[in-house]
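Biologist: I'd like to go through this one slowly and ask how each label is earned. Could you show it to me?

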Amino acid sequence: FDRARQQNRFVILDLEAIWCHWCHVMEETTYKDEQVVKLLKEKYITVRVDQDSNPDLLARYGDYGWPATIVFAPDGSEIVKRRGYIPPRFMANLLQAIIDDPSPGPSVRVEPVITPSLSSNLTPAQKQSLITRYSELFDAENGGWGFIHKFINADAMDYALSRASQGDKANELMARHTLHAALDLIDPVWGGVYQYSDQLDWQSPHYEKIMSIQTKSLRLYSLAWSLFEIDSYRHAADKIYHYLNTFLRSPEGLYYTSQDADLNLEIDGDKYFPLDNENRRALGIPHIDSHIYSKDNAWVIRSFVAYANATGLQEPLDQAINIADKLAMKFSLTDGGFKHGLNDLAGPYLSDSVAISQAYLSLYQATGNQSWLSKARHTLNFIELTFKDNALGGYFNNVISNSSVGVFAKPVKQRDELIQLARTANIAYHYIGDEKLRSISEHAMKYMTSET
């Protein structure tokens, strides 16, 4: 932004994912178009960022999908926010329109100020509204929640399995219907789970394999096997566990981030993944993002613990403990928090420390070792001291540097992270009895239960 002010230019951010098919297409088409290149060179400062490496940008623009394209004025204010692939001609027209009139467009809206609730509890009306919405979003014909993309919604499935474990037959049927349908997203050759299907029948997968999907699916199929003892659920968990250890495990025992959907632009996932093992390997292996992040590895810990609990196997539990020890050695901060990656440009970030807290609690639940409980408490205390918004409730996603300008001078609060924090601190409170832990959960919930 300093350069933008000095040179009277706009800043355009291409926020991408390394595993994203349409990000690669846009790079090879839109950003190599002659007119687009000309306009960018004349009037823009171009920035490309991997969202996996920058949780602050992921939290701020994650709802826009990948690629996300954001154009800023030199003062850091937003002019345009676009989601998904932008064709060359449309991009050229957009860039010229901003030059002609840099007023913020309709995609930029002022975020409402949230006034925290006086109570950390959902009102009866709020709770009923959520349950009604949850039921309405279930696709009774195809399984799954939602009527556009098909994947296992982990939060909805957690709720369904929790209710099913208490004898709720309707939720058991929803869970089993979804888990059975989602088996079509598991790679029958190598294992692992494709990200989602863009058709309601689960038969049109997007072939990228990203860590969040792998670990959520492994944990949920393991829990479902424990509840229902259906062989296909155990087989699914086995396949995901095998994939993680075969393709995404680093030599040191930590885990990589993702595997690309395509071998290259000529051989995309639709051509590649229907092949058998021999023919796939003859062509090559789709790119694996070998970055290692603490959040992703904390997810691996939770899923391996769930798999070990369900199967009685010792190896995944030993692996989970080994991951936790290595994370503490390589990523821990002196006051209980965690870095995101080994070479963070910003941070720390709330999401990493929440995920680590959850991982520690899962290890305590599996082993009874009090040291894991102590570590979880230490990390939750770091969250309280580092990210808490005392003025308006909730917890910020990241720590803002003094040099931040424009929209980046105000950190965001990410709904899913606050939900996970509230749940995690609440569980820790029930184990430890420390009122400070309950206050963390309540402070997060007062932001979530606000009516404004």
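**How the labels are earned**

Modeller: Let's start in a loop: S250 sits between α10 (231–247) and β8 (258–259). Keep in mind that this is a predicted model.

Biologist: Why does S250 count as buried?

Modeller: Buried means under 20% relative accessible area. S250 has 4% relative accessibility, so S250 counts as buried.

Biologist: Which residues is S250 in contact with, leaving aside its neighbours within four places in sequence?

Modeller: Those are Y256 and I292. A contact means heavy atoms within 4.5 Å. The C-alpha atoms of S250 and I292 are 8.8 Å apart, with their positions 42 residues apart in sequence.

Biologist: And P88, where is that found?

Modeller: P88 belongs to helix α5. With neighbours within four places in sequence set aside, P88 is in contact with T29, T30, D33 and V36. For P88 and L122, the picture is this: 34 residues apart along the chain, and 47 Å between their C-alpha atoms.

Biologist: What about cysteines? How many disulfides does a search of the whole structure find?

Modeller: The count is 0. A disulfide needs a pair of cysteine sulfur atoms within 2.5 Å. The search turned up 0 disulfides, so no pair of cysteine sulfurs meets that cut-off.

Biologist: Why is C20 called buried?

Modeller: The cut-off is under 20%, and C20 is at 5% relative accessibility, so C20 passes as buried. C23 is buried too, because its relative accessible area is 3%.

Biologist: Let's move on to the sheets. What is the strand order in the open sheet of 4 strands?

Modeller: The order is β2-β1-β3-β4, and the pairing is mixed.

Biologist: What makes β2 and β4 the edge strands?

Modeller: β2 (44–50) and β4 (78–83) each pair on one side only. On average, neighbouring strands in this sheet are turned by 15° against each other, ignoring direction.

Biologist: How do you know that β1 and β2 pair?

Modeller: Two strands pair if there are at least two bridges between them. Strand β1 (residues 10–16) and β2 have 7 bridges, in the parallel sense, so they pass the test. As an example, L13 has V47 in β2 as its bridge partner.

Biologist: Which helices pack on this sheet?

Modeller: One is α3 (residues 34–43), which touches β1 and β2 and makes about 110° with the direction of β2. Another is α5 (residues 88–100), touching β1, β2, β3 (68–72) and β4, with a direction about 170° from that of β4.

Biologist: Why is β3 called mostly covered?

Modeller: Because 5 of its 5 residues are buried, each being under 20% relative accessible area. From β3, A68, I70 and F72 point one way while T69 and V71 point the other way, and all are buried.

Biologist: How do you know that β3 pairs with β1 and with β4?

Modeller: At least two bridges are needed. β1 and β3 have 5 bridges in the antiparallel sense, so that pair counts. β3 and β4 also run antiparallel and are joined by 5 bridges, so that pair counts as well. F72 in β3 is the bridge partner of V11, and E78 in β4 is the bridge partner of F72. The hairpin of β3 and β4 has 5 residues between the strands, and there G76 takes a positive phi near 90°.

Biologist: What is the order in the open sheet of 3 strands?

Modeller: That one reads β7-β8-β9, with antiparallel pairing. Its edge strands are β7 (209–210) and β9 (288–289), each pairing on one side only.

Biologist: What makes β8 and β9 a pair?

Modeller: They are joined by 2 bridges and run antiparallel; at least two are required, so they qualify. The bridge partner of S258 in β9 is D289.

Biologist: Last topic, empty space. How many cavities of 30 Å³ or more does the structure hold?

Modeller: There is 1. The largest cavity has about 90 Å³ of space, and the residues lining it include F151, I152, Y194 and Y221.

Biologist: What is the volume of the second largest pocket?

Modeller: About 820 Å³. It is lined by 25 residues, of which F1, D56, L57, S404 and F408 are the closest to its centre.

Definitions and conventions
Residues are numbered from 1 along each chain as its sequence is written. This is a predicted model: local features need pLDDT of at least 70, side-chain atom pairs count only at pLDDT 80 or more; totals for chains, interfaces and linings use all residues. Side-chain values use heavy atoms; hydrogens and water are left out. Buried means under 20% relative accessible area, exposed over 50%, partly exposed in between (1.4 Å probe, protein chains only). Axes are lines fitted to C-alpha atoms, for helices over the stretch in contact, and angles run from 0 to 180 degrees between N-to-C directions. On a 1 Å grid over the protein atoms alone, a cavity is a set of points where a 1.4 Å probe fits but cannot get out, and a pocket is an open set with protein on both sides within 12 Å along at least five of seven lines; lining residues have an atom within 4 Å of a point. Grid points are joined across faces, edges and corners, and a volume is the space filled by probe spheres set on the points.
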